[in-house]
Amino acid sequence: MPVRRGHVAPQNTYLDTIIRKFEGQSRKFLIANAQMENCAIIYCNDGFCELFGYSRVEVMQRPCTCDFLTGPNTPRSAMSRLAQALLGAEECKVDILYYRKDASSFRCLVDVVPVKNEDGAVIMFILNFEDLAQLLAKRGNRSLSQRLLSQSFLGSEGSHGRPGAQGPGTGRVKYRTISQIPQFTLNFVEFNLEKHRSGSTTEIEIIAPHKVVERTQNVTEKVTQVLSLGADVLPEYKLQAPRIHRGTLLHYSPFKAVWDWLILLLVIYTAIFTPYSAAFLLGDQDEPQRADCGYACSPLTTVDLVVDIMFVVDIVINFRTTYVNTNDEVVSHPRRIAVHYFKGWFLIDVVAAIPFDLLIFRTGSDETTTLIGLLKTARLLRLVRVARKLDRYSEYGAAVLFLLMCTFALIAHWLACIWYAIGNVERPYLEPKIGWLDSLGAQLGKRYNGSDPASGPSVQDKYVTALYFTFSSLTSVGFGNVSPNTNSEKVFSICVMLIGSLMYASIFGNVSAIIQRLYSGTARYHTQMLRVKEFIRFHQIPNPLRQRLEEYFQHAWSYTNGIDMNAVLKGFPECLQADICLHLHRALLQHCPAFHGASKGCLRALAVKFKTTHAPPGDTLVHLGDVLSTLYFISRGSIEILRDDVVVAILGKNDIFGEPVSLHARPGKSSADVRALTYCDLHKIQRADLLEVLDMYPAFADSFWSKLEVTFNLRDAGITHVLRPQPHPAAPSAAPAPGPHWLHSGSPCLQ
């Protein structure tokens with residue numbers, strides 16, 4: 001729809017872009033908010049969780065100094081160096097010994113990248129982690145790796161960092177700080193061992209990942225479905241693959257689909273040129289020429305011969321093509337196929353394939369010529385078969401409109417051939433010469449001469465004039481410049497006008513209905529939008545809230561096209577509703593670990609209770625103080641959780657927020673605001689519905705509560721102190737930049 005704006009709401013894609021760029025290179029990283037006390041971690045990706053064995057729930061809100069990763073053998077100098085870099089908002093590279101959750105240790109290379117806003121204040125830190133052993137293994141230089149892992153390497157590494165720093169794990173290399181938020185490039189120092197030893201560095205830009213398009217359908221099957229003209233392309237219910245006899249052609253094969261289209265084009269050619277040839281081209285003046293030069297002297301006659309041969313080949317192919325019987329079974333037995341074809345379209349196909357002009361060639365009489373023209377029109381019987389095949393496109397408005405216009409033009413073409421045939425048959429017997437052909441010759445100055453068969457208007461003049469008369473008679477009552485004069489012509493004109501009135505009522509009436517149906521979606525959109533605007537005007541809703549209402553309406557319309565999905569779903573029986581809901585929420589139920597091990601009945605009961613919601617950027621899903629009666633599962637997009645306008649967490653795909661329902665008998669209140677950063681799709685389930693389903697399946701309930709990990713607990717009982725950022729001094733005339741408060745203010749980290 002032209003008015004619908006779609007996804008045009010301003011999206012906070014800065015953090016989302018950082019996350020995508022980092023994950024595109026399989027990085028293990030976390031993001032910390034420099035405005036919070038102890039620079040709390042607000043995001044960590046899956047690679048970080050896999051590297052250290054912690055879940056995202058166990059990492060969120062911890063200090064970014066990562067003290068929980070240290071152990072007894074972690075050098076205190078490296079820990080101090082990392083803390084000093086965070087305190088001084090400096091970029092650095094630290095070699096440190098970290099411990100996984102299973103107590104295994106490994107050498108880790110930590111990149112610390114401070115991110116500044118437009119005012120130069122550090123607003124967050126990005127920490128990237130690399131397993132040093134894996135990094136060395138990628139270089140494939142074992143001897144060099146052993147040297148660099150020795151104490152001498154660690155000492156030289158420290159010499160490249162702060163002067164006077166000694167001991168392992170104190171190395172630090174400086175590089176660019178991310179200082180501009182609208183335009184940024186994330187660059188990491190490639191840990192090339194040879195270059196690192198000589199003190200030089202090489203920067204590698206992190207590139208966003210390319211989208212991978214899954215092929216969900218076989219190419220051959222897809223092409224066949226597009227090309228096939230039959231309504232029974234593939235039987236929908238088959239317990240086993242049908243046994244195909246040797247030499248039998250499948251009716252849904254690609255070859256048969258292409259062949260049907262080729263026959264369709266030949267039938268259309270026949271429908272156009274057979275009446276034209278019978279009326280205009282089979283004249284006395286052509287017979288002497290054909291007798292002298294043979295059958296192949298006329299290109300049109302040669303094409304007719306090729307068409308006849310193709311029709312004969314089509315009959316042979318139909319005798320070897322499978323079909324679907326009334327029981328939806330594919331029949332491939334040759335005898336049953338032959339019987340089925342004999343009872344069906346065999347007679348029509350045989351009559352349409354007979355080369356009548358070959359059988360009575362060189363007779364030379366007028367009666368033979370007329371007979372050839374009449375017999376060749378039997379080919380038009382194939383149009384009945386084509387009409388049956390094209391009926392499958394009747395559900396598409398544009399296709400029906402095109403077919404109706406083609407039908408109208410084809411009927412006008414046939415009537416023009418008949419109109420000429422009437423005038424041509426009557427002309428020798430008229431006295432005086434008052435027929436429309438004699439009138440046309442007088443108008444053009446090409447009068448007929450009885451002694452010269454080639455006199456009179458040309459074939460092109462006669463056909464164009466006849467077609468003009470039939471079109472004007474079908475669409476109106478004609479203009480009089482080509483008029484019927486004899487009784488036969490007048491009777492035919494009356495029939496044409498009757499046919500025209502019926503065609504006008506049916507074809508053009510359907511055209512108006514089709515056009516109205518094509519724009520029905522636009523009409524419904526404008527009607528609903530008008531209701532929204534009337535609601536806004538009547539209740540005098542202020543401008544910011546009005547804009548949110550309109551944006552949400554347009555966003556929801558782009559997903560549902562104005563269709564109430566819940567009303568559509570309620571129109572089906574309950575068993576089918578459960579199957580549909582199971583399909584709609586299949587990604588969540590399959591990939592979320594909490595639902596693993598559930599029975600099919602339990603999953604169906606849960607799927608019915610789940611609801612899908614969409615949120616545009618800037619939309620607040622949960623407000624501070626709201627009752628936490630819903631558990632949310634993110635399937636697409638990014639959201640931020642704010643306390644006092646300070647971002648405390650960033651959640652993305654597969655994250656869960658709300659409250660752990662099993663730990664509290666009554667729902668609590670939200671301790672923060674939850675706001676969408678980008679366009680988000682979420683699955684949500686009410687607390688009461690979840691408990692109701694789990695009460696019916698107690699065996700699965702224990703497994704569900706043990707595996708459910710709420711990424712961020714919004715319950716107010718767990719509020720931690722958040723340091724309020726102090727405004728950064730700015731010029732009095734400077735206008736505040738748009739975005740969250742934490743992007744434009746600064747406060748020291750690690751006080």
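**Group meeting: strands, a helix and a pocket in a predicted model**

Good morning. I begin with strand β12, which is joined to strand β15, residues 656-658, by two bridges, the two strands running antiparallel. Please keep in mind throughout that the model is predicted. Across this pairing, Tyr632 stands opposite Phe657 in β15.

Strand β12 also has a second partner to consider. With strand β17, residues 680-686, β12 pairs in the antiparallel sense, here over six bridges. One position to locate on the screen is Phe633, whose bridge partner in β17 is His683. As general background, strands of a sheet pair through backbone hydrogen bonds, either parallel or antiparallel.

Is β12 largely enclosed or not by the rest of the structure? Strand β12 covers residues 630-636, and five of its seven residues are buried, so the strand is largely enclosed by the rest of the structure.

I turn next to the largest pocket. Its volume is about 1600 Å³. Which residues come closest to its centre? Of the 47 lining residues, these are His585, Thr612, Ser635, Asp681 and His683. His683 is thus a residue we have already met, as the bridge partner of Phe633. For those thinking about the chemical character of the lining, the division by class is 23 nonpolar, 13 polar and eleven charged residues.

Let me now move to another part of the chain, an open sheet of five strands. The strand order is β2-β1-β5-β4-β3, and the pairing is antiparallel. Why is one side of β2 and of β3 left without a neighbour in the sheet? Strands β2, residues 41-44, and β3, residues 92-99, stand at the edges and each has a single partner strand, so one side of each remains without a neighbour there. From one strand to the next, the twist averages 25 degrees.

For the edge strand β3, the pairing with β4, residues 105-116, is antiparallel and comprises eight bridges. Within it, Cys92 has Val112 of β4 as its bridge partner. Packed on this sheet is helix α4, residues 76-87, which touches β3, β4 and β5, the last spanning residues 122-131. The direction of α4 makes about 135 degrees with that of β3.

Finally, a brief word on helix α19, residues 436-444. Its buried residues are Trp436, Leu437, Asp438, Leu440 and Gly441. In general, an α-helix has 3.6 residues a turn, so residues three or four places apart point the same way. Just after α19 comes Gly445, with a positive phi of about 75 degrees.

Thank you for your attention.

Key. Residues numbered from 1 in each chain as written. Predicted model: local features only at pLDDT ≥ 70, side-chain atom pairs only at ≥ 80, totals over all residues. Heavy atoms only, no water. Pairing = 2+ DSSP bridges. Helix = DSSP H or I, 4+ residues; strand = E, 2+ residues; numbered from the N terminus. Axes fitted to C-alpha atoms, helices over the stretch in contact; angles between N-to-C directions. Contact = heavy atoms within 4.5 Å. Buried < 20%, exposed > 50% of the residue type's maximum accessible area, 1.4 Å probe, protein only. 1 Å grid on protein atoms, 1.4 Å probe; cavity = no way out; pocket = protein on both sides within 12 Å on 5 of 7 lines; lining within 4 Å. Points joined across faces, edges and corners; volume = space filled by probe spheres on them. Nonpolar A, V, L, I, M, F, W, Y, C, P; charged D, E, K, R; others polar.
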